[in-house]
Amino acid sequence: MLEGKNNWKAWLYLLPALVLLGIFSFYPIVKSFIIAFIRNYDSIPSSFAVQRAADKANGLSYFTFQNFISVIKDTSFSYAVRNTLLIAFVSVPVSVLLSLLISVFLHSIKKLKGFFQTLYFLPYVTSAMAVSMAFTVLFANPGDNASGYSMGPVNTVIEVVGLKTPLMRSFDRSYWRSDGKKAWYNYICVNPDGTTKEDELQEKYDIQKKNAGLIPGANTFPYTDKYDYQEKVLKANTEYKYTLEHHFESKGYIDWVGAYSTWNTLIVVVLMYSIWAGLAFKILVFTGGLTSIDKQYYDAAKIDATSKWRTFWRITVPLMSPLIVYILITSLIGSFKTYTSIVGLFGDDMAGGKMMTFVGLVYKYRTSSSLMGQAAAAAVTLFLIILVVTQLTNRFTKKRVHY
């Protein structure tokens, strides 16, 4: 505790940092919370003034929850939630466990220890964009003869070990359940429960009838009514249904990140990238933590002939638990802010929006001055999610940390 007479000196030393934090951190956070609740906010003052006058004339309130409602109703929101949560709760625990095991291995060896530490640390000092682009090469698909693409190492390995066909069928089943069946039902104008979409079928039937009348010398219209048209379309397009049911099998390869990729293949690449890229910093921290453990614990375990696995769970993990919790929480927070790696892997359109994340959603709105309210609402939503997840993690791990 500083003496009262010296407090002003401490505040003086802290003043530059506090000013910078206030301008570039605290003020934007407070402003984001305010903007998130303002109706039709526009970053251009003149445009906002006109819009505000119109809203006032229509009796609309200044503050509203409409921005949050618009974000939730956005089709990209479901992708953002699903992708972000998967990255956080799959890649983070796996990378923490792997990095701890690797750190224990590195700590136990003597020869080439520095070499392996440097090797595992390389991702931390390498540009995320460069690493992401390297992953697109690793997961490249063979394409067709005219495309000029070469088969990437991942596709080569899974073909050599005999996993190509099982993986294709697994991805195809998942694709058919999520997207393929929906596309086929829309094509033949049928609801998921098997009932016909009467209005859409009638519209397609009328278009076909109109087109037949516009073609000079056309034969007699081949359909008696819209149901006859539906039945004949169904019979004539079994090949199209087959390509939907056998998305990758019909092509003969798995397209991980290309034009024919599916959400399932894309998320696999993202998770593998997130796990690998997240190892470096965790290994560095865990390796440093292992050096601080007193050797007498391990000597006592050797005297009692304790197995290495039991020594790991009963000595290493409890004594490393404060670091594990620290890494777990900071990694979860970092995973919720995933954006750069997704852009590096799939471009700024994020694979047509299928790989949208929360930060990507914020940037999507941020590109328009009239959507600043939605951008702020998305950012506030992300902040609240991170706050809740952090508190739950703290509560869950509190009794499992040994200081």
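Author: Before we start, a helix here is a DSSP run of H or I at least four residues long, numbered from the N terminus. Also, this is a predicted model.

Reader: Got it. So which helix does serine 91 lie in?
Author: Follow the chain to residues 75-108, a stretch that makes up one helix and takes in serine 91. That helix is H4.

Reader: Is serine 91 buried or exposed?
Author: The cut-off for buried is under 20% relative accessible area. Serine 91 has 3%, so it counts as buried.

Reader: Which backbone oxygen lies 2.2 Å from a polar atom of the serine 91 side chain?
Author: Leaving out residues up to four places away in sequence, serine 91 touches Leu86, Leu271, Ser274 and Ile275. The partner you want isn't on that list. The oxygen at 2.2 Å is on the backbone of isoleucine 87.

Reader: On to the rings. How is the aromatic pair of phenylalanine 135 and tyrosine 273 arranged, edge-to-face or stacked?
Author: The structure holds 23 aromatic pairs. In this one the centres are 5.3 Å apart, with 85 degrees between the planes. Angles over 60 degrees get one label, so phenylalanine 135 and tyrosine 273 are edge-to-face.

Reader: How many residues apart are the two partners, given that the pair links distant parts of the chain?
Author: Phenylalanine 135 belongs to helix H6 (residues 128-138), while tyrosine 273 belongs to helix H12 (residues 263-291). Along the chain, the separation is 138 residues.

Reader: And what is the relative accessibility of tyrosine 273?
Author: Phenylalanine 135 is buried at 9%. Tyrosine 273 counts as buried too, and its figure is 6%.

Reader: What about tryptophan 184 and tyrosine 240: which kind of aromatic pair do they form?
Author: Their centres are 6.0 Å apart and the planes make an angle of 50 degrees. Stacked needs under 30 degrees and edge-to-face needs over 60. At 50 degrees, this pair is therefore tilted.

Reader: Which helices does that pair link?
Author: The partners are 56 residues apart in the chain. Tryptophan 184 is in residues 164-187 and tyrosine 240 is in residues 238-245. Those are helices H8 and H11.

Reader: Is tyrosine 240 buried or partly exposed?
Author: Tryptophan 184 is buried at 2%. Tyrosine 240 is at 31%, and since buried stops at 20% and exposed starts over 50%, tyrosine 240 is partly exposed.

Reader: Which ring has the charged end of arginine 82 over it?
Author: The charged end sits 4.2 Å from the ring centre. The ring belongs to tryptophan 263.

Reader: Where in H5 is the kink of about 30 degrees?
Author: End to end, H5 looks as expected: its 13 residues should span 18 Å, and the end C-alpha atoms are 19 Å apart, which agrees. The kink comes shortly before proline 123. It lies at leucine 119.

Reader: How far is the C-alpha atom of leucine 371 from that of aspartate 42?
Author: Leucine 371 is in the loop between helix H16 and helix H17, and it is partly exposed at 27%. Although 329 residues separate it from aspartate 42 along the chain, their C-alpha atoms are separated by just 6.9 Å.

Reader: Last one: what is the phi of methionine 350?
Author: Methionine 350 is in the loop between helix H15 and H16, and it is buried at 2%. It isn't a glycine, yet its phi is positive, about 55 degrees.

Terms used. Residues numbered from 1 in each chain as written. Predicted model: local features only at pLDDT ≥ 70, side-chain atom pairs only at ≥ 80, totals over all residues. Heavy atoms only, no water. Phe/Tyr/Trp six-rings, centres within 6.5 Å; stacked < 30°, edge-to-face > 60°. Helix = DSSP H or I, 4+ residues; strand = E, 2+ residues; numbered from the N terminus. Buried < 20%, exposed > 50% of the residue type's maximum accessible area, 1.4 Å probe, protein only. Lys NZ or Arg CZ within 6 Å of the ring centre and 35° of its normal. Polar contact = N/O pair within 3.5 Å; in protein donor to acceptor, adjacent residues only side chain to side chain. Contact = heavy atoms within 4.5 Å. Expected span 1.5 Å × (residues − 1). Bend = angle between axes of the 7 residues up to and from the residue.
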